[in-house]
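User: Hi! I am new to protein structures and would like some help reading one. Could you take me through it step by step?

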Amino acid sequence: MVRVTERIEWNDDYCVGNELLDAQHKHLFELVNQIGDLFGNSSADARTQRALNCYSSLTKYATDHFVAEERVLRKLGWAGLDEHRRQHEAFEKFIFSDEVHRMLVGSDLARLYEYLVAWLRTHVIVEDQKYKEAVSAQT
């Protein structure tokens with residue numbers, strides 16, 4: 001379980017060898033950390049508004065990133081693309097769900113942050129590494 005005060009830090013070991021995707025991954029870490037940074041002394045109303053703004057930025061950026069990443073993987077002819085796309089779709093299904101909206105406007109922002117950190121750890125740090133070799137072979 002992630003402590004709300006715990007940030008998830010980018011490490012160059014997470015790079016996949018594509019400048020665009022690496023920059024996007026790094027920015028996703030920053031966007032998730034912005035949600036984690038909301039836990040402080042601000043009022044619940046201010047925190048909710050800031051959470052909605054961060055959420056909006058994160059969802060748009062993640063969706064754009066998925067399109068770019070899938071385009072790169074399709075161009076590479078990477079065999080794992082279909083499964084990877086399903087993971088993206090599952091993330092989007094959850095992140096756009098009513099449950100997440102309730103987390104944002106309710107008192108469960110910590111649970112959303114924990115989910116996002118866990119997702120980055122499993123997807124970017126583990127799953128995205130599976131195509132690193134294919135990217136490296138193309139350079």
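Analyst: Happy to help; below we go through this predicted model by question and answer.

User: How many helices and how many strands are there in the protein?
Analyst: Reading along the sequence, you meet the pattern α-α-α-α-α-α. Counting by type gives 6 helices and 0 strands.

User: How compact is the protein for its length?
Analyst: The C-alpha trace spans about 50 × 30 × 25 Å along its principal axes. For 139 residues the globule rule gives 14 Å, and the radius of gyration here is 16 Å, which is close to that. So the protein is as compact as a globular protein of that length.

User: How are α2 and α3 oriented to each other?
Analyst: Their axes come within 11 Å and cross at roughly 170°. Angles over 145 degrees count as roughly antiparallel. Therefore α2 and α3 are roughly antiparallel.

User: Which classes of residue make up the contact of α2 with α3?
Analyst: From α2, the contact includes Y55, F66 and E69, and from α3 it includes L81, H88 and F91. Sorted by class, the residues are 7 nonpolar, 4 polar and 5 charged.

User: And how is α2 placed relative to α4?
Analyst: Helix α2 covers residues 44–76 and helix α4 covers residues 98–105. Their axes lie 8 Å apart, and the packing angle is about 140°. That makes α2 oblique to α4.

User: How many charged residues are in the contact of α2 with α4?
Analyst: On the α2 side we find T48, A51, L52 and Y55, and on the α4 side V100, L104 and V105. They divide into 6 nonpolar and 1 polar, which leaves the charged class with no residues.

User: Which element gives the most to the largest nonpolar core?
Analyst: As background, nonpolar side chains tend to be buried together in soluble globular proteins. Here the largest nonpolar core has 30 residues, and V32, L112, L116 and L120 touch the most other members. The elements giving two or more residues are α1, α2, α3, α4 and α5. With 8 residues, the top contributor is α5.

User: Which residues does L112 contact, leaving aside neighbours within four places in sequence?
Analyst: L112 is one of the core residues that touch the most other members. With those sequence neighbours set aside, its contacts are I95, V100, M103 and L104.

User: How many residues are in the other core?
Analyst: This core lies apart from the largest one. Among its members are V72, L73, L81 and Y131, and its size is 8 residues.

Notes: Residues numbered from 1 in each chain as written. Predicted model: local features only at pLDDT ≥ 70, side-chain atom pairs only at ≥ 80, totals over all residues. Heavy atoms only, no water. Axes fitted to C-alpha atoms, helices over the stretch in contact; angles between N-to-C directions. Helix = DSSP H or I, 4+ residues; strand = E, 2+ residues; numbered from the N terminus. Parallel < 35°, antiparallel > 145°, perpendicular 65-115°, else oblique. Contact = heavy atoms within 4.5 Å. Nonpolar A, V, L, I, M, F, W, Y, C, P; charged D, E, K, R; others polar. Core = buried A, V, L, I, M, F, W, Y, C linked by side-chain atoms within 4.5 Å. Buried < 20%, exposed > 50% of the residue type's maximum accessible area, 1.4 Å probe, protein only. Rg over C-alpha atoms; globule rule 2.2 N^0.38 Å.
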